[in-house]
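Here are some notes to read alongside the sequence and the coordinates. They are set out as numbered points, each of which can be checked on the display.

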Amino acid sequence: SMVSETIRWQTPLAHMSRVAKTDFELGGKTIKAGERVVMWYLSGNRDEDEIDNPNAYIIDRDQSRHHMSFGFGVHRCVGNRVAELQLTIIWEEILKRFPEIRVSGEPVRNFSNFVHGFETLPVIIPARN
Ligand code: HEM
């Protein structure tokens, strides 16, 4: 569940958008045909009506796959299981070799309103005897 919780909490892609095909009312607002609608996965992933204590990073969270980071519906990320598998294997292998990793400074985030990521994150990996 650590991998899914990280994908939820971090939300690697902040949003996607769609163009409305017909007029539609949502949450009391009318969206007109042809208008662009942005789906903020970042916001959905912090929705306290759906996720308990959404701002907390809880690695053994129940229902950790209940998040919006892969989108929803027919275009939901086709690679979501591959992404989860890659990250699970990477962390299993990293932790076998480097069981202790300490964050030693502030992250530098990338400049983008789409890809929600990091340029750098300094860490200390203590030598093993
Ligand atoms: C943590 C890693 C990943 C994240 C957060 C992610 C996120 C997303 C999101 C948000 C969408 C758009 C969903 C929508 O428009 O409704 C998407 C679509 C897609 N993703 Fe991923 N993705 C990841 C990894 C991957 C991987 C590893 C692959 C391929 C092996 C992949 C292939 C695709 C494809 C082909 C689509 C388009 C699906 C469609 O439009 O029907 N993704 N992904």
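1. The contact between two helices is a good place to begin: Met2, Val3, Ser4 and Ile7 in H1 meet Glu84, Leu87, Thr88 and Trp91 in H3. Sorted by character, the residues of this contact of H1 with H3 divide into five nonpolar, two polar and one charged. Please keep in mind throughout that this is a predicted model.

2. The geometry of the same pair of helices can be stated as well: H1 and H3 pack at an angle of about 115 degrees, their axes being 9 Å apart, and the crossing in which H1 passes H3 is right-handed. General helix geometry is helpful when reading the list of contacts, because an α-helix has 3.6 residues a turn, so residues three or four places apart point the same way.

3. Which residues of H1 are buried, and against what do they pack? Val3, Ser4, Glu5, Ile7, Arg8 and Gln10 are the buried ones in H1, and the buried residues of this helix pack against H2, H3, strand E6 (108-109) and strand E7 (118-120).

4. Just after H1 comes Thr11, which has a positive phi, near 50 degrees, although Thr11 is a residue other than glycine. Thr11 sits in the loop between helix H1 (2-10) and strand E1 (15-19). Its relative accessibility is 0%, and Thr11 therefore counts as buried, the cut-off being under 20%.

5. Asn53 also has a positive phi, of about 45 degrees, without being a glycine. Asn53 lies in the loop between H2 and H3. Is Asn53 buried or exposed? With a relative accessible area of 52%, Asn53 is exposed, because the class begins over 50%.

6. The structure holds one aromatic pair, formed by Trp9 and Tyr57, whose ring centres are 5.6 Å apart and whose planes stand at 65 degrees, so the pair is edge-to-face. The pair links distant parts of the chain, with Trp9 in helix H1 and Tyr57 in the loop between H2 and H3, 48 residues apart. Trp9 counts as partly exposed at 30% relative accessibility, and Tyr57 counts as partly exposed at 38%.

7. Ser64 is found in the loop between H2 and H3, where Ser64 is buried, with a relative accessible area of 9%. Once its neighbours within four places in sequence are left aside, Ser64 is in contact with Ser1, Ser4 and Glu5. Of these partners, Ser4 and Glu5 are among the buried residues of H1, and Ser4 is also one of the H1 residues that meet H3.

8. Gly73 has its place in the loop between H2 and H3 and is partly exposed, with a relative accessible area of 45%. Measuring along the chain and through space gives two separations for Gly73 and Glu50, which are 23 residues apart in sequence and 17 Å apart in space, C-alpha to C-alpha.

9. The last point concerns the ligand. Which protein atom is the donor to its iron atom? The iron has a single donor from the protein, the SG atom of Cys77, 2.2 Å away. Cys77 is found in the loop between helix H2 (41-44) and helix H3 (80-97). When judging this site, please remember that water is not among the atoms, so sites may look incomplete.

Conventions:
Residues numbered from 1 in each chain as written. Predicted model: local features only at pLDDT ≥ 70, side-chain atom pairs only at ≥ 80, totals over all residues. Heavy atoms only, no water. Donors = N, O, S within 2.8 Å, 3.2 Å for Na, K, Ca; no water. Helix = DSSP H or I, 4+ residues; strand = E, 2+ residues; numbered from the N terminus. Buried < 20%, exposed > 50% of the residue type's maximum accessible area, 1.4 Å probe, protein only. Contact = heavy atoms within 4.5 Å. Axes fitted to C-alpha atoms, helices over the stretch in contact; angles between N-to-C directions. Left-handed = near helix turned anticlockwise from the far one by under 90°. Nonpolar A, V, L, I, M, F, W, Y, C, P; charged D, E, K, R; others polar. Phe/Tyr/Trp six-rings, centres within 6.5 Å; stacked < 30°, edge-to-face > 60°.
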